[in-house]
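Let's take a friendly walk through this model, from a pair of helices to some strands and a pocket. Keep the 3D view open as you read.

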Amino acid sequence: MSLHKALATVALVFLMAASAHAELLIRITEGADSAIPISIVPFAENGAIPPGDKVSSVVQSDLTMSGEFRPLPPEKMLSLPSKREDVFFRDWRLLGQRYVLVGELTRSADRVQARYELFDVNTEQRVLGETAAAPASNLRTLAHHISDKVYEAITGVRGAFSTKLAYITLDSFNGKPRYRLQVSDVDGKRARIRLESEEPILSPAWSPDGKKLAYVSFETGKPVIFVHELASGKRTKVADFSGLNSAPAWSDDGQSMLMTLSKDGNAEIYRMNLQNRQLTKITNHWAIDTEASWDHTGKGLFFTSDRSGGPQIYHKEDAGAEPRRITFGSRYNARPRPDNSGKFVYYVHQRDRAFHIARTNLKSGEETILTRTESDESPSVSPNGRMLIYATKQGGSSVLTVISADGGAAYSLPASEGDVREPAWGPLAR
């Protein structure tokens, strides 16, 4: 299949989808055998704590989603301590637990304070202890903060549960398509519509400070790249050249952007200085070059090209370097997304007519297929490099699925109705 046809096929599938604009649901589809046993004890409550999602329940879901932890259900706990002196470590060892998190919520006026402690069951030592607070109307943010702290205390890697997801949904209104760009928590909750259009919206990409989204919109009758300020809603056209304007990717400093343009007749990768709109041509080849992503150095880039006869992943160490082919395992490998360590690049991989998410170890060249579904697309790596989100088909509907970076666990986030596409994982707070 040529890259032209492959891109057209993906676009057609997207245009034929139908989805609703509700929050994403959460469904665990596969756990990891090596997951760490941990108990998140339901937090004690003092005062009028708002009803709804419990802080400890959100923390439990977050850690489960990472694929690296296996929380004990509260109904299997032998006691429900809220402070150190009530923790009987022998009981938790009998339950096979490695860590236990206890805490207490206290309401004061319009704020809720959380005091929590994390203990190593085997050593009986406190690993983490903190007091944090949030408005009573914003307990999910408090819970995600606690998840991040617990994750980092155990793994040594920053948690990514306080980050955001962007994605596209599509439904029908008065017989016309209605595309929506939405932003939600990483677990799909608190979704907000940022843009509606009767024309397709594609390829959302986060600015490094998490305050803006770039995306491709067809609202003018052709693909145009916009930058959208989330706080104000202000939208700015940044690429409206003749032909194709697609695949935006921000630089680490937010001052420039990679994009695919066909203004000179062929699809090539350019770098745009966002201050003065000056363009620098990065590739110059008869083949189609597209879907560029910066590598972990911020100087090199990965991209998709059919210069070898079919879509494959290439890497340029800097803008002036010769491209080096990375993938060889099949005739189709596209949409590269590297992690932030420089160790792996993830992409869509075709094998036996099925499309999976795969990764290549950039040092050894070893390729690993990570997914078992057959219609996977649009991978996006979490900013800490430990999780991956992608779109796939499940039971006839399109859903988003979160997996651990080694493919050892899966967590699906289907829309409550219809399909959802084009996920983009937001950055860590700076």
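Helix 2 and helix 4 cross in a right-handed sense. Please bear in mind that the model is a predicted one. The axes of helix 2 (residues 55-65) and helix 4 approach within 8 Å, and the crossing angle is roughly 45°. Because angles of roughly this value fall in neither the parallel, the antiparallel nor the perpendicular range, helix 2 counts as oblique to helix 4.

**The pocket beside helix 4**

Helix 4 (139-155) also helps to line the second largest pocket, supplying at least two residues, and strand 9 (176-185) and strand 10 (192-197) each do likewise. How big is the second largest pocket? Its volume is about 480 Å³. The lining comprises 25 residues, and those closest to the centre of the pocket are Ser162, Thr163, Lys164, Pro427 and Ala429. Sorted by class, the lining holds 11 charged, 8 nonpolar and 6 polar residues.

**Strands and their partners**

As a general reminder, strands of a sheet pair through backbone hydrogen bonds, in either a parallel or an antiparallel way. Three pairings are set side by side here.

| Strand pair | Sense | Bridges |
|---|---|---|
| Strand 16 (residues 256-261) and strand 17 (residues 268-273) | antiparallel | 6 bridges |
| Strand 17 and strand 18 (residues 279-281) | antiparallel | 3 bridges |
| Strand 25 (residues 354-361) and strand 26 | antiparallel | 3 bridges |

Strand 17 takes part in two hairpins. In the hairpin with strand 16, there are 6 residues between the strands, and Gly265 has a positive phi near 110°. Along this pairing, Met257 has Met272 of strand 17 as its bridge partner. In the hairpin with strand 18, 5 residues lie between the strands, and Arg277 in the turn adopts a positive phi of about 65°. Here Tyr270 is found opposite Lys281 of strand 18.

**An open sheet**

Further along the chain, 4 strands form an open sheet in the order 23-24-25-26, with antiparallel pairing. Which strands stand at the edges? They are strand 23 (333-338) and strand 26 (367-369); each has a single partner strand, so one side of each lacks a neighbour in the sheet. From one strand to the next, the twist averages 30°. To find the contact between strand 25 and strand 26 in your viewer, look for Arg359, whose bridge partner in strand 26 is Thr368.

Methods. Residues numbered from 1 in each chain as written. Predicted model: local features only at pLDDT ≥ 70, side-chain atom pairs only at ≥ 80, totals over all residues. Heavy atoms only, no water. 1 Å grid on protein atoms, 1.4 Å probe; cavity = no way out; pocket = protein on both sides within 12 Å on 5 of 7 lines; lining within 4 Å. Points joined across faces, edges and corners; volume = space filled by probe spheres on them. Nonpolar A, V, L, I, M, F, W, Y, C, P; charged D, E, K, R; others polar. Pairing = 2+ DSSP bridges. Axes fitted to C-alpha atoms, helices over the stretch in contact; angles between N-to-C directions. Parallel < 35°, antiparallel > 145°, perpendicular 65-115°, else oblique. Left-handed = near helix turned anticlockwise from the far one by under 90°.
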